[in-house]
Structures are given as structure tokens and as C-alpha cells.
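Reader: I am new to this structure and would like a close look at how its interior is packed. Please go slowly, and explain each term when it comes up.

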Amino acid sequence: MLTKEEKAQIINDYARFEGDTGSVEVQVALLTATINKLTVHMNANKKDFHSNRGLLMMVGKRKKLMEYLKREDINRYRDLVAKLGLRK
């Protein structure tokens, strides 16, 4: 999982204002970082089905958050997709 330093850095990079830890951008960025780390783990441990389920749940949650952001503010959505390098 993410260390405190990695998490703090991601929050600082994607926060919309000082002290922002719950905006959609921050949540998606944290989920993306965790998904990327877990994907590397899953490539090495193909039979780790419990972690695979967690990975799929995180991907689903990120997808729902991205759909919400797209529906609410398309410009913020486009900026976030470009920053994270997601395929959308």
C-alpha cells in the first residue's frame, strides 16, 4: 500500500485548496496510485485472488468517481484524466 509520504505528496499535488483531502480529484489520484502498485503485485502473484478482488473493487470505485466528476464538471474531469494519464 501507499506510505504516508507518498499519500501526503499525492494529496498536495491534487488538492483543490489547503487541507483538501476528500475531493474527487484527491480520491481518484490516491486510488490510481494504489491500483498501480497493486497491479505490479498481481503480475508477480497471479494466484492472489483476495488481492485481485480488492483491485477490482478499487477500479470500480474509481470508475464511479470519474463518472460523477464527468457529469458534474467536464473540465475538471478532462484535466484529471490528462494529469493521471488514464485511458478515457
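Author: A good place to begin is the meeting of H2 and H4, where Glu 25, Val 28, Ala 29 and Thr 32 of H2 are in contact with Arg 76, Leu 80 and Leu 84 of H4; contact here means heavy atoms within 4.5 Å. Sorted by class, the residues of this contact comprise 4 nonpolar, 1 polar and 2 charged, where Ala, Val, Leu, Ile, Met, Phe, Trp, Tyr, Cys and Pro count as nonpolar, Asp, Glu, Lys and Arg as charged, and the others, Gly among them, as polar.

Before going further, please keep in mind that this is a predicted model, in which local features need pLDDT of at least 70 and side-chain atom pairs count only at pLDDT 80 or more, while totals for chains, interfaces and linings use all residues. Residues are numbered from 1 along each chain as its sequence is written, and side-chain values use heavy atoms, with hydrogens and water left out.

The chain has 4 helices and 0 strands, and its elements follow the order α-α-α-α from the N terminus on; helices (H or I, at least four residues) and strands (E, at least two) are DSSP runs, numbered from the N terminus.

Returning to the first pair, H2 and H4 pack at an angle of about 25°, their axes being 11 Å apart. Such axes are lines fitted to C-alpha atoms, for helices over the stretch in contact, and the angles run from 0 to 180 degrees between N-to-C directions. H2 and H4 are therefore roughly parallel to each other, since angles under 35 degrees count as roughly parallel, over 145 as roughly antiparallel, 65 to 115 as roughly perpendicular and the rest as oblique. H2 passes H4 in a right-handed crossing; a crossing is right-handed if the near helix is turned clockwise from the far one by less than a right angle, and left-handed if anticlockwise.

H2 also packs against H1, here at about 140° and with the axes 9 Å apart, so H1 and H2 are oblique to each other. This crossing of H1 and H2 is right-handed. On the H1 side the contact is formed by Glu 6, Lys 7, Ile 10, Ile 11 and Tyr 14, which meet Glu 25, Val 26, Ala 29, Leu 30, Ala 33 and Lys 37 of H2. By class, the contact of H1 with H2 has 7 nonpolar, no polar and 4 charged residues.

The third pair is H3 and H4, whose axes come within 5 Å and cross at roughly 135°, so that H3 and H4 are oblique to each other. From H3 come Met 66, Leu 69, Lys 70 and Glu 72, and from H4 come Ile 74, Arg 76, Tyr 77, Leu 80 and Val 81. The contact of H3 with H4 divides into 6 nonpolar, no polar and 3 charged residues.

These helices also share an interior. The largest nonpolar core has 23 residues, and those with the most contacts inside it are Ile 10, Tyr 14, Val 28, Met 66, Leu 80 and Leu 84. Two or more residues of this core come from each of H1 (4-14), H2 (24-44), H3 (49-72) and H4 (74-84), and the largest share, 10 residues, is given by H2. A nonpolar core is a set of buried Ala, Val, Leu, Ile, Met, Phe, Trp, Tyr and Cys residues joined through side-chain atoms within 4.5 Å; buried means under 20% relative accessible area, exposed over 50%, and partly exposed in between, with a 1.4 Å probe and protein chains only.

Two members of the core repay a closer look. Met 66, in helix H3, counts as buried because its relative accessibility is 2%. Apart from its neighbours within four places in sequence, Met 66 is in contact with Val 28, Tyr 77, Leu 80, Val 81 and Leu 86. Leaving out residues up to four places away in sequence, Tyr 14 touches Ser 23, Glu 25, Val 26, Ala 29, Leu 80, Lys 83 and Leu 84.

Two further residues can be set beside these. Thr 34 lies in helix H2 and counts as buried because its relative accessibility is 11%, whereas Gly 22, in the loop between H1 and H2, counts as partly exposed because its relative accessibility is 46%.
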